[in-house]
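The exercises below work through surface, salt bridges, backbone and pockets. Each task is followed by a solution in steps.

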Amino acid sequence: MDSNPPKPPTSPSLSNARENENAITAVARELRQLVDTANAPIFGIDTNGLVNEWNNKTAEITGFSRDEAYGRPLVSTFIKENLRSSVKSVMDNALKGNESSNYELELETKTKETRYLLVNATTRRDQ
């Protein structure tokens, strides 16, 4: 007599759900790696203007690590004072769906140097 109890049958729908979940997780992991290792700065803000995206290139350019940047107000922390009003306006418009292309941005680095970036302000559409 076999001492191993029989395994319950696996439901095809449950098996497919697991496969789909695994596939989605793999794609999300690949996209996260793509953003993190992109050869261009990628940063983002939430609806309150707080940094919620900060890739490796942005950290390299600014000298601020992802941990140092996350949760801080983008405009008042990282934008040169003379441009804060116009950058805030561009970001507010992007959050409303009015995107901007080829907008010149002056980021202030951790060592108070200025870095000039040509950016696109777009709304993330995953929510």
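**Exercise 1: a surface patch**

Val 27, Leu 31 and Leu 34 make a nonpolar surface patch of about 290 Å². This is a predicted model, in which local features need pLDDT of at least 70 and side-chain atom pairs count only at pLDDT 80 or more, while totals for chains, interfaces and linings use all residues. Residues are numbered from 1 along each chain as its sequence is written, and side-chain values use heavy atoms, with hydrogens and water left out.

Task: state in which helix Leu 34 is found, and decide whether Leu 34 counts as buried or exposed.

Solution.
1. A patch is made of residues with over 30% relative accessible area and no salt bridge; like charges are joined within 9 Å, and nonpolar side chains (Val, Leu, Ile, Met, Phe, Trp, Tyr) within 5 Å. Accessible areas come from the Shrake-Rupley method with a 1.4 Å probe, and for residues only the protein chains shown count as cover.
2. Helix α1 holds Leu 34.
3. Buried means under 20% relative accessible area, exposed over 50%, and partly exposed in between (1.4 Å probe, protein chains only). Leu 34 has 54% relative accessibility and therefore counts as exposed.

**Exercise 2: the overall layout**

Task: give how many helices and strands the protein has, and what pattern they follow along the sequence.

Solution.
1. Helices (H or I, at least four residues) and strands (E, at least two) are DSSP runs, numbered from the N terminus.
2. The protein has five helices and four strands.
3. Their pattern along the sequence is α-β-β-α-α-α-α-β-β.
4. Of the 127 residues in the protein, 29% are buried.

**Exercise 3: salt bridges**

Task: place the salt bridges of Glu 68, Lys 80 and Lys 88, and classify the exposure of Glu 68 and Lys 80.

Solution.
1. A salt bridge is a side-chain nitrogen of Lys or Arg within 4 Å of a carboxyl oxygen of Asp or Glu. The structure holds nine of them.
2. Glu 68 pairs with Lys 110, with 2.5 Å between the closest N and O atoms. This pair links distant parts of the chain, 42 residues apart: Glu 68 lies in helix α3 (residues 66-69), and Lys 110 in the loop between β3 (100-108) and β4. Glu 68 is partly exposed at 28% relative accessibility, and Lys 110 is partly exposed at 41%.
3. Lys 80 and Glu 108 meet at 3.6 Å, N to O. They too link distant parts of the chain, 28 residues apart, with Lys 80 in the loop between α4 and α5 and Glu 108 in strand β3. Lys 80 is buried, because its relative accessible area is 18%; Glu 108 is buried at 17%.
4. Lys 88 pairs with Asp 92, the closest N and O atoms being 2.9 Å apart. The two are four residues apart in helix α5, so about one helical turn separates them. Lys 88 is partly exposed at 43%, as is Asp 92 at 29%.
5. A network of salt bridges links Arg 32, Asp 36, Glu 53 and Arg 66.

**Exercise 4: positive phi**

Task: locate Asn 102 and Lys 112, and give the phi of Asn 102 and of Lys 112.

Solution.
1. Asn 102 is in strand β3. Its phi is positive, about 55 degrees, although Asn 102 is not a glycine. Asn 102 is exposed at 56% relative accessibility.
2. Lys 112 is in the loop between β3 and β4. Its phi is near 70 degrees, a positive value in a residue other than glycine. Lys 112 is exposed, with a relative accessible area of 60%.

**Exercise 5: two pockets**

Task: state which element gives the most to the lining of the largest pocket, and which gives the largest share to the lining of the second largest pocket.

Solution.
1. On a 1 Å grid over the protein atoms alone, a pocket is an open set of points with protein on both sides within 12 Å along at least five of seven lines; lining residues have an atom within 4 Å of a point. Grid points are joined across faces, edges and corners, and a volume is the space filled by probe spheres set on the points.
2. The largest pocket holds about 880 Å³ of space. Among its 24 lining residues, Phe 43, Gly 44, Ile 45, Thr 122 and Arg 124 lie nearest its centre. β4 gives the most to this lining, with four residues.
3. The second largest pocket holds about 160 Å³ of space. Its lining includes Ile 45, Lys 88 and Asp 92. The largest share, four residues, comes from α5.

Technical notes:
On a 1 Å grid over the protein atoms alone, a cavity is a set of points where a 1.4 Å probe fits but cannot get out, and a pocket is an open set with protein on both sides within 12 Å along at least five of seven lines; lining residues have an atom within 4 Å of a point.
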